[in-house]
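Q: Please take a close look at one part of this structure and walk me through it residue by residue. I would like to know what surrounds that part and how its pieces fit together.

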Amino acid sequence: MKELFENNPIFLLFIVAALGYLVGSIKIKGNSLGVAAVLFVGLAIGAINPNYNVPQIIFDLGLVLFVYSIGLKSGPAFFMSFRKNGVKNVGFVLFMLTISAGLAVAIYYILGLDKATVTGIYAGSTTNTPALASVIDLVNKGTGYADKSTLQEHLVIGYTYSYPMGVLGVMVAIKIMEKLMKVDYNQEKINLKNTYPVYDDIITSSALITKEQ
(Lines give C-alpha, C1' and ligand atoms only; values in the text may rest on other atoms or scores of the structure.)
Protein backbone atom coordinates (compact mmCIF):
# COMPACT_ATOMS: atom_id res chain seq x y z
CA MET A 1 0.00 0.00 0.00
CA LYS A 2 2.86 2.36 0.84
CA GLU A 3 4.47 1.89 -2.58
CA LEU A 4 1.08 2.18 -4.28
CA PHE A 5 0.51 5.63 -2.80
CA GLU A 6 4.07 6.77 -3.53
CA ASN A 7 3.89 5.69 -7.17
CA ASN A 8 0.31 6.89 -7.76
CA PRO A 9 -0.06 10.38 -6.27
CA ILE A 10 -3.32 11.04 -8.13
CA PHE A 11 -4.85 7.93 -6.60
CA LEU A 12 -3.65 9.12 -3.18
CA LEU A 13 -5.25 12.50 -3.84
CA PHE A 14 -8.65 10.92 -4.43
CA ILE A 15 -8.28 8.71 -1.36
CA VAL A 16 -7.57 11.76 0.81
CA ALA A 17 -10.46 13.70 -0.74
CA ALA A 18 -12.89 10.80 -0.24
CA LEU A 19 -11.86 10.18 3.36
CA GLY A 20 -11.94 13.90 4.08
CA TYR A 21 -15.45 14.17 2.67
CA LEU A 22 -16.62 11.31 4.88
CA VAL A 23 -14.99 12.77 7.98
CA GLY A 24 -16.38 16.21 7.16
CA SER A 25 -19.92 14.84 6.96
CA ILE A 26 -19.80 13.59 10.55
CA LYS A 27 -21.79 15.91 12.79
CA ILE A 28 -21.25 16.40 16.50
CA LYS A 29 -24.07 18.34 18.14
CA GLY A 30 -25.10 19.66 14.75
CA ASN A 31 -21.59 20.83 13.79
CA SER A 32 -19.19 19.37 11.24
CA LEU A 33 -15.85 20.27 9.70
CA GLY A 34 -17.19 20.14 6.16
CA VAL A 35 -14.61 20.33 3.38
CA ALA A 36 -11.98 21.52 5.89
CA ALA A 37 -11.79 17.90 7.02
CA VAL A 38 -9.92 17.09 3.79
CA LEU A 39 -6.97 19.10 5.11
CA PHE A 40 -6.99 17.24 8.42
CA VAL A 41 -7.02 13.88 6.64
CA GLY A 42 -4.22 15.06 4.37
CA LEU A 43 -2.17 16.09 7.40
CA ALA A 44 -2.71 12.70 9.02
CA ILE A 45 -1.75 10.72 5.91
CA GLY A 46 1.18 13.03 5.15
CA ALA A 47 2.51 12.44 8.66
CA ILE A 48 2.61 8.70 7.96
CA ASN A 49 5.08 9.07 5.12
CA PRO A 50 6.86 12.29 4.02
CA ASN A 51 7.24 10.84 0.51
CA TYR A 52 3.53 11.12 -0.15
CA ASN A 53 3.08 14.03 -2.52
CA VAL A 54 1.13 15.28 -5.53
CA PRO A 55 2.36 17.02 -8.71
CA GLN A 56 2.63 20.81 -8.70
CA ILE A 57 -0.01 21.05 -11.44
CA ILE A 58 -2.59 19.62 -9.01
CA PHE A 59 -1.78 22.36 -6.51
CA ASP A 60 -2.19 25.06 -9.16
CA LEU A 61 -5.34 23.54 -10.66
CA GLY A 62 -6.94 23.16 -7.24
CA LEU A 63 -6.28 26.80 -6.42
CA VAL A 64 -7.76 27.95 -9.74
CA LEU A 65 -10.91 25.88 -9.25
CA PHE A 66 -11.22 27.07 -5.65
CA VAL A 67 -11.09 30.76 -6.58
CA TYR A 68 -13.33 30.19 -9.61
CA SER A 69 -16.00 28.38 -7.57
CA ILE A 70 -15.99 30.98 -4.81
CA GLY A 71 -16.41 33.72 -7.40
CA LEU A 72 -19.39 32.03 -9.06
CA LYS A 73 -21.11 31.23 -5.78
CA SER A 74 -20.54 34.55 -4.02
CA GLY A 75 -20.64 36.94 -6.98
CA PRO A 76 -24.28 38.14 -6.85
CA ALA A 77 -24.40 38.52 -3.07
CA PHE A 78 -20.96 40.18 -3.04
CA PHE A 79 -21.89 43.02 -5.37
CA MET A 80 -25.23 43.59 -3.66
CA SER A 81 -23.49 43.76 -0.31
CA PHE A 82 -20.71 45.96 -1.70
CA ARG A 83 -23.15 48.55 -3.03
CA LYS A 84 -24.94 48.76 0.30
CA ASN A 85 -22.18 48.36 2.90
CA GLY A 86 -19.00 48.27 0.81
CA VAL A 87 -16.96 50.82 2.76
CA LYS A 88 -17.99 49.39 6.13
CA ASN A 89 -17.27 45.78 5.14
CA VAL A 90 -13.92 46.55 3.50
CA GLY A 91 -12.88 48.61 6.51
CA PHE A 92 -13.76 45.76 8.86
CA VAL A 93 -11.80 43.25 6.76
CA LEU A 94 -8.75 45.52 6.65
CA PHE A 95 -9.00 46.01 10.41
CA MET A 96 -9.08 42.25 11.06
CA LEU A 97 -6.19 41.60 8.66
CA THR A 98 -4.16 44.29 10.39
CA ILE A 99 -4.75 42.68 13.77
CA SER A 100 -3.76 39.27 12.38
CA ALA A 101 -0.62 40.73 10.81
CA GLY A 102 0.28 42.44 14.10
CA LEU A 103 -0.07 39.14 15.96
CA ALA A 104 2.09 37.39 13.35
CA VAL A 105 4.82 40.01 13.78
CA ALA A 106 4.60 39.61 17.56
CA ILE A 107 4.97 35.83 17.21
CA TYR A 108 8.04 36.37 15.03
CA TYR A 109 9.80 38.48 17.66
CA ILE A 110 8.58 36.65 20.76
CA LEU A 111 9.07 33.04 19.62
CA GLY A 112 11.98 33.67 17.27
CA LEU A 113 10.48 31.73 14.37
CA ASP A 114 11.83 32.21 10.87
CA LYS A 115 10.05 34.60 8.52
CA ALA A 116 8.78 31.88 6.15
CA THR A 117 7.10 29.96 8.96
CA VAL A 118 5.48 33.11 10.34
CA THR A 119 4.22 34.00 6.87
CA GLY A 120 2.66 30.54 6.60
CA ILE A 121 1.11 30.97 10.05
CA TYR A 122 -0.41 34.28 8.99
CA ALA A 123 -1.95 32.73 5.85
CA GLY A 124 -3.20 29.68 7.73
CA SER A 125 -4.68 31.58 10.66
CA THR A 126 -6.84 33.54 8.23
CA THR A 127 -7.56 30.31 6.26
CA ASN A 128 -6.28 32.11 3.18
CA THR A 129 -5.07 29.44 0.77
CA PRO A 130 -4.66 31.87 -2.18
CA ALA A 131 -2.30 33.95 -0.03
CA LEU A 132 -0.13 30.91 0.62
CA ALA A 133 -0.12 30.05 -3.08
CA SER A 134 0.89 33.61 -3.95
CA VAL A 135 3.84 33.53 -1.56
CA ILE A 136 4.99 30.14 -2.86
CA ASP A 137 4.74 31.44 -6.42
CA LEU A 138 6.77 34.51 -5.39
CA VAL A 139 9.47 32.28 -3.94
CA ASN A 140 9.55 30.09 -7.06
CA LYS A 141 9.91 33.05 -9.39
CA GLY A 142 12.24 35.04 -7.15
CA THR A 143 15.97 35.25 -7.80
CA GLY A 144 17.24 36.23 -4.36
CA TYR A 145 16.34 33.04 -2.50
CA ALA A 146 19.18 30.62 -1.77
CA ASP A 147 17.14 27.55 -0.79
CA LYS A 148 13.66 27.72 -2.29
CA SER A 149 12.65 24.19 -1.27
CA THR A 150 13.38 24.91 2.41
CA LEU A 151 11.44 28.18 2.28
CA GLN A 152 8.45 26.40 0.75
CA GLU A 153 8.59 23.69 3.41
CA HIS A 154 8.59 26.30 6.18
CA LEU A 155 5.71 28.17 4.54
CA VAL A 156 3.62 25.00 4.31
CA ILE A 157 4.52 23.89 7.85
CA GLY A 158 3.45 27.24 9.31
CA TYR A 159 0.27 27.13 7.26
CA THR A 160 -0.68 23.59 8.26
CA TYR A 161 -0.10 24.33 11.95
CA SER A 162 -2.33 27.40 11.99
CA TYR A 163 -5.01 26.50 9.45
CA PRO A 164 -6.79 23.94 11.69
CA MET A 165 -6.79 26.49 14.52
CA GLY A 166 -8.19 29.08 12.12
CA VAL A 167 -11.03 26.75 11.14
CA LEU A 168 -11.83 25.53 14.65
CA GLY A 169 -11.38 28.99 16.16
CA VAL A 170 -13.89 30.51 13.75
CA MET A 171 -16.38 27.72 14.46
CA VAL A 172 -16.07 28.27 18.21
CA ALA A 173 -16.32 32.05 17.84
CA ILE A 174 -19.45 31.74 15.68
CA LYS A 175 -21.12 29.48 18.22
CA ILE A 176 -20.29 31.87 21.04
CA MET A 177 -21.67 34.85 19.10
CA GLU A 178 -24.80 32.87 18.21
CA LYS A 179 -25.48 32.31 21.90
CA LEU A 180 -24.62 35.84 22.99
CA MET A 181 -26.59 37.58 20.22
CA LYS A 182 -29.38 34.97 20.09
CA VAL A 183 -29.22 34.69 16.31
CA ASP A 184 -32.32 33.32 14.57
CA TYR A 185 -31.19 32.33 11.08
CA ASN A 186 -34.68 31.67 9.77
CA GLN A 187 -35.80 35.15 10.79
CA GLU A 188 -32.62 36.67 9.37
CA LYS A 189 -33.32 34.91 6.09
CA ILE A 190 -36.79 36.45 5.95
CA ASN A 191 -35.51 39.91 6.85
CA LEU A 192 -32.82 39.85 4.16
CA LYS A 193 -34.81 38.29 1.32
CA ASN A 194 -35.34 41.66 -0.38
CA THR A 195 -31.70 42.70 0.00
CA TYR A 196 -29.71 39.54 -0.78
CA PRO A 197 -30.49 36.47 -2.93
CA VAL A 198 -30.88 34.20 0.10
CA TYR A 199 -34.55 33.29 -0.15
CA ASP A 200 -34.84 31.76 -3.59
CA ASP A 201 -36.51 28.38 -3.13
CA ILE A 202 -37.25 27.82 -6.84
CA ILE A 203 -35.36 24.80 -8.15
CA THR A 204 -36.88 24.53 -11.63
CA SER A 205 -39.30 26.65 -13.59
CA SER A 206 -41.15 25.96 -16.84
CA ALA A 207 -42.86 28.40 -19.20
CA LEU A 208 -45.39 27.59 -21.90
CA ILE A 209 -45.61 30.06 -24.82
CA THR A 210 -49.06 29.96 -26.43
CA LYS A 211 -48.87 33.02 -28.68
CA GLU A 212 -46.29 33.77 -31.33
CA GLN A 213 -44.84 37.28 -31.48
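A: Let's begin with L168, which counts as partly exposed because its relative accessibility is 35%, a value between the 20% limit for buried and the 50% limit for exposed. Please keep in mind that this is a predicted model. L168 sits in helix α7, and its C-alpha lies 9.6 Å from that of A36, although 132 residues separate L168 and A36 in sequence.

Helix α7 runs over residues 148-181, and the part of the model I'd like to look at with you is its packing with helix α5, residues 115-125. The axes of α5 and α7 are 6 Å apart and meet at an angle of about 35°. The crossing of α5 and α7 is right-handed. On the α5 side, the contact is formed by A116, T117, T119, G120, I121, A123, G124 and S125. Helix α7 answers with L151, H154, L155, G158, Y159, S162, Y163 and G166. Sorted by class, the residues in this contact of α5 with α7 are seven nonpolar and nine polar, with no charged residues.

Two residues let us see this contact from either side. From α7, take S162. S162 counts as buried because its relative accessibility is 9%, which is under the 20% cut-off. Beyond its neighbours within four places in sequence, S162 is in contact with G120, I121, G124 and S125, and these four appear in the list of α5 residues that make the contact with α7.

From α5, take T117. With a relative accessibility of 12%, T117 counts as buried too. Once its neighbours within four places in sequence are set aside, the contacts of T117 are H154 and G158, which belong to the α7 side of the contact. The side chain of T117 also has a polar contact with the side chain of D114, at 2.8 Å.

D114 has another part to play here, namely as the cap on the N-terminal end of α5: one of its side-chain oxygens lies 3.2 Å from the backbone nitrogen of A116. So if you follow the side chain of D114, you find T117 at 2.8 Å and the backbone of A116 at 3.2 Å.

What does the rest of α5 pack against? Its buried residues are A116, T117, V118, G120, I121, A123 and G124. They pack against α4 (56-111) and α6 as well as α7.

Past its end, α5 is followed by T127. T127 lies in the loop between α5 and α6 and has a positive phi of about 50° although it is not a glycine. T127 counts as partly exposed because its relative accessibility is 32%.

The far end of α7 leads to a matching note on the backbone. K182 lies in the loop between α7 and α8 (185-191), and its phi, near 50°, is again positive in a residue other than glycine. K182 counts as exposed because its relative accessible area is 73%.

Finally, a word on charge. Side chains of opposite charge can pair when their charged atoms come close. The structure holds two salt bridges. One of them is in α7, where E178 and K175 lie three residues apart, about one turn of the helix. The closest N and O atoms of E178 and K175 are 3.3 Å apart. E178 is buried, with a relative accessible area of 17%, while K175 counts as partly exposed at 35%.

The other salt bridge joins the side chains of D137 and K141, at 3.4 Å from N to O. D137 and K141 lie four residues apart in α6 (residues 129-141), about one turn of the helix. D137 counts as partly exposed at 35% relative accessibility, whereas K141 counts as exposed at 64%. That brings us back to α6, one of the helices that the buried residues of α5 pack against.

Notes. Residues numbered from 1 in each chain as written. Predicted model: local features only at pLDDT ≥ 70, side-chain atom pairs only at ≥ 80, totals over all residues. Heavy atoms only, no water. Helix = DSSP H or I, 4+ residues; strand = E, 2+ residues; numbered from the N terminus. Buried < 20%, exposed > 50% of the residue type's maximum accessible area, 1.4 Å probe, protein only. Polar contact = N/O pair within 3.5 Å; in protein donor to acceptor, adjacent residues only side chain to side chain. Contact = heavy atoms within 4.5 Å. Salt bridge = Lys/Arg side-chain N within 4 Å of Asp/Glu carboxyl O. Axes fitted to C-alpha atoms, helices over the stretch in contact; angles between N-to-C directions. Left-handed = near helix turned anticlockwise from the far one by under 90°. Nonpolar A, V, L, I, M, F, W, Y, C, P; charged D, E, K, R; others polar.
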